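Hi everyone, thanks for coming. Today I'd like to talk about charged side chains and how they pair up. Let me put the structure on the screen.

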Amino acid sequence: MDNFQKEIDERANLALSNKFELLLFRLGSAHQDDKPELFGINVFKLREIVPMTNITRAAGMKSPLLGMANIRGQLIPVIDLPAVAGCIPATGLNLLLVTEYARSTQAFAVESVEDIVRLDWSQVHAAESGVSTRNITSIACLDNNNNMAMVLDVEQILHDVIPSVREVKEGDIKIKTFKLKPGAIAIVAEDSKVARQMLEQGLKAMGIPAEMHTTGLEAWEKIKKLYKEAQEEGTSIHDKIALVLTDLEMPEMDGFTLTRNIKSDHNLKDLPVVIHSSLSGSANEDHVRKVGANGYVAKFEINQLSAVIHQVLEDATH
């Protein structure tokens, strides 16, 4: 138990220093002669790794959903990850990665697990401009020898395979009043394509204008630019930015570091910051408090998000 707690504490410290641990695994190759690609997932999302077990396939289930597995008394859906990535495993589906994501549990079937590596988020780069597949959110540079791993967009995969979130519309929002200065916008940092789309729809339905960014670093540079413009115009940063809404896991700069940068800057510390993340749980909520965020909500329930934003904006006016 002491070793387990030590591991949790170590990961907590990593999360507060723009570092994280990436589980590396293989799914096979797209073509018979190709070298198997290396994929990765944040260890924070991982509950456990178990050998392949019996899977019950319900009527009407289609690939890449394999069926349901009973793991420690819990029935959870199993997703054929090689099928999602367009790979063919040479030795079959041998392991299950049991993950916890946004209050749901699911297992990803993989061929093999390679290693766990400790990285700085600055070693991870957004993949949208250079990778064609919709299921990859970023590329992790593992060392100085050009060894790389493709980091999976778990939000996109789950949205495609187990679609439980419908399009957000204005009628879905219970809270209608948000205290915004005219011209002020929300700065949003989110690397997942599908999560960004849902946030864009949700904020539009709330009547909150937003500017979307794919990395924490990109959002931070924009915030500094808007502060400089406000200084030149003789106005307040609050006339430019109503709030910052950020994910935690992001290439180049994570949400913890972005929040800490804002809250440690004398000129920006009063900007409301809401963290919106699939990394739910008490440990992450403790991290959120440590970096000084004004609010935290687990992905993705639109009325929980709107309630947190409403409360944070109310508090900012008092």
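Let's start with Glu100, which makes a salt bridge with Arg47; their closest N and O atoms are 3.9 Å apart. Glu100 sits in strand β7, residues 95-101, while Arg47 belongs to strand β3, residues 46-51, so this pair ties together parts that are 53 residues apart in sequence. Please keep in mind that this is a predicted model.

Are these two buried or exposed? Glu100 is partly exposed, at 41% relative accessible area, and Arg47 is partly exposed too, at 31%. These two also have company: Arg47, Glu48, Arg72 and Glu100 are linked in a network of salt bridges.

Now, over to the loops. Lys181 forms a salt bridge with Asp239, and here the closest N and O atoms are 3.3 Å apart. Lys181 is in the loop between α3 (154-161) and β13 (185-189), and Asp239 is in the loop between α5 (216-233) and β15 (241-246), so the pair joins parts that lie 58 residues apart in sequence. Lys181 counts as partly exposed, with 41% relative accessibility, and Asp239 does as well, with 29%.

My last example is Glu211 with Lys222, a salt bridge whose closest N and O atoms are 3.7 Å apart. Glu211 lies in strand β14, residues 210-213, and Lys222 in helix α5, so this bridge ties together parts 11 residues apart in sequence. Glu211 is partly exposed, at 24% relative accessibility.

And how many salt bridges are there in the whole structure? The search finds 13. Thanks for listening!

Terms used: Residues are numbered from 1 along each chain as its sequence is written. This is a predicted model: local features need pLDDT of at least 70, side-chain atom pairs count only at pLDDT 80 or more; totals for chains, interfaces and linings use all residues. Side-chain values use heavy atoms; hydrogens and water are left out. A salt bridge is a side-chain nitrogen of Lys or Arg within 4 Å of a carboxyl oxygen of Asp or Glu. Helices (H or I, at least four residues) and strands (E, at least two) are DSSP runs, numbered from the N terminus. Buried means under 20% relative accessible area, exposed over 50%, partly exposed in between (1.4 Å probe, protein chains only).
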